[in-house]
Structure formats: structure tokens, C-alpha cells
Amino acid sequence: NNTGADQLIRQRALIVTNADSKNGLNFSRDEASVTARVPFTTGQEAFTIDWWMNAEWTSDNTNGIGESLETLLLRTMGGGKMQLFLGGNSVNSYDNYVVPGEWHHYAVTFDKGSVTFYRDGVKQVVRTIATTTLPAMSTFRIGGAATPFRGNMDEMRVWNSALTEE
């Protein structure tokens, strides 16, 4: 072209799916939740939680994943900020990390005190938390009365290592 570039890079130009997006996890009541076996071991030093999400809106204490503020909890706050609580300590993404009304892939990694927030496979922000290992947990939950899930979720995965962009 006239400017000399021979490449154009676009994000979100094509979305491929093999299922209707309405088939994702969606709750009809604030107190509704899904509880699973705890996927972590006490003292674990690294993990990744990743999932696809189309949040309806972002308000305080929504889209909860985990157990509690004292153990492990991911939640969305007003302005689209995500918080990770781990062992009573917390770190935040920046505002507008969670985008309401659009499907995005989210991932949060933890590696001995370093927390990284990803959206659509791109590193958004890295924070340090004053916790280096996971505390004991008795449950692992999505949604619930304290942190109702507002939107759709699909393909959630939990890894026992801190994945990177690669």
C-alpha cells in the first residue's frame, strides 16, 4: 500500500465456535452456584484459572470463582476491575479489564506471589501479592449469593502451573 506496510493485524476480527454461545453456564438466580471438588492442594505455589466469559454487567461482588476472601476468590467489581483474594491478601486488575456484553477469554495466573491478569491471551497487568502459597480450601464454587454470577461462562480450566502468553 501507499504507506509501505504489507501487514494488517486485527484483534477479534474472526471468532470461531462449535457451539451456540447461549450454551455456556448461566445462572437465573443470584444465589445459584456450581460447586466442584477443590482443584488445588494446600501449599501449592502456582496455578492458572482460565475461562471464556460474557459478563452482563460489572458491579461490586459479581462473577465469583473460588471460595472466600480468606482462601481464594476471584470476583468482578464496579468498573470492570477484577480482584484476586488469596490467603486474606488481594490484588486488582485495572478498570475495564472485564468487558460487559462481549465474549472474552480471561486468565489469571499465580506464581509464588506474582499474579498476572490476561484477556484474550494478552498480558494486561502483573501484580505482586503478599502470599506465596495457596491456603487450605474446603470448596470451589462459581457464583453464589455473596458473589452472584452475572453473564455466561464457558470452557473453564484450572491448571497447577502458571501459564504464560506462549
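Okay, a cut-off to start: when I say buried, I mean under 20% relative accessible area. By that count, 43% of the 166 residues of this protein are buried. And keep in mind that this is a predicted model.

So, the overall picture. What does the secondary structure come to? Zero helices and 11 strands. Read from the N terminus on, the elements just go β-β-β-β-β-β-β-β-β-β-β. On contacts: take the ones with a separation of 6 or more, and 62% of them join residues 24 or more positions apart. The accessible surface is about 9,100 Å², and carbon and sulfur atoms hold 46% of that.

Let's go to the sheet. There's an open sheet of six strands here, in the order β1-β10-β3-β4-β5-β6, and the pairing is antiparallel. Which strands sit at the edges? Those are β1, residues 33–36, and β6, residues 89–92, and each of them pairs on one side only. From one strand to the next, the twist averages 15°.

Within that sheet, have a look at β4 and β5. Strand β4 covers residues 72–77, strand β5 covers 81–86, and six antiparallel bridges link the two. If you want one pair to click on, Leu72 has Leu86 in β5 as its bridge partner. Hang on to Leu86, we'll be back there in a minute.

Next up, β7. This strand takes in residues 104–111 and is mostly covered, with seven of its eight residues buried. What does β7 pair with? With strand β2, residues 46–55, there are eight bridges in the antiparallel sense. With strand β8, residues 114–119, β7 makes six bridges, antiparallel again. On the β2 side, Trp51 stands opposite Tyr106 in β7. On the β8 side, Thr109 has Thr116 as its bridge partner. The β7 and β8 hairpin has two residues between the strands, and Lys112 there takes a positive phi near 50°.

Tyr106 brings us to the aromatics. Searching the whole structure turns up seven aromatic pairs. Take Tyr97 and Tyr106: the ring centres are 5.3 Å apart and the planes meet at 65°, so that one is edge-to-face. The cut-off in play is that planes over 60 degrees apart count as edge-to-face. Are these two tyrosines buried or exposed? Both Tyr97 and Tyr106 are buried. They also belong to one aromatic cluster, together with Trp51, Tyr94 and Phe117. So the Trp51 that stands opposite Tyr106 across the strands turns up in the cluster as well.

Now three single residues I'd like you to zoom in on.

Number one is Thr131, which sits in the loop between β9, 122–128, and β10, 140–143. Loop or not, Thr131 has a relative accessibility of 9%, so it counts as buried. What is its side chain doing? A polar atom of the Thr131 side chain lies 2.9 Å from the backbone oxygen of Leu86. That's the Leu86 we met as the partner of Leu72. Beyond its neighbours within four places in sequence, Thr131 touches Leu86, Gly87, Asn89, Phe110, Lys112 and Gly113. And yes, that list includes the Lys112 with the positive phi in the hairpin.

Number two is Asn63, in strand β3, residues 62–66. Asn63 comes out at 2% relative accessibility, so this one is buried too. Where does its side chain go? There's a polar contact of 3.3 Å with the side chain of Thr76, and the Asn63 side chain also reaches the backbone nitrogen of Arg150 at 2.9 Å. Leaving out neighbours within four places in sequence, the contacts of Asn63 include Met53, Trp57, Leu74, Thr147 and Phe149.

The last one is Val34, over in strand β1, which is one of the edge strands. How much of Val34 is accessible? Its relative accessible area is 34%, so Val34 is partly exposed. Setting aside neighbours within four places in sequence, Val34 is in contact with Leu25, Phe27, Phe140, Arg141 and Ile142. And one distance to finish on: Val34 and Ile65 are 31 residues apart along the chain, and their C-alpha atoms are separated by 9.7 Å.

That's my tour, thanks.

Definitions and conventions. Residues numbered from 1 in each chain as written. Predicted model: local features only at pLDDT ≥ 70, side-chain atom pairs only at ≥ 80, totals over all residues. Heavy atoms only, no water. Helix = DSSP H or I, 4+ residues; strand = E, 2+ residues; numbered from the N terminus. Buried < 20%, exposed > 50% of the residue type's maximum accessible area, 1.4 Å probe, protein only. Contact = heavy atoms within 4.5 Å. Areas by Shrake-Rupley, 256 points an atom, 1.4 Å probe, with all protein chains shown as cover. Pairing = 2+ DSSP bridges. Axes fitted to C-alpha atoms, helices over the stretch in contact; angles between N-to-C directions. Phe/Tyr/Trp six-rings, centres within 6.5 Å; stacked < 30°, edge-to-face > 60°. Polar contact = N/O pair within 3.5 Å; in protein donor to acceptor, adjacent residues only side chain to side chain.
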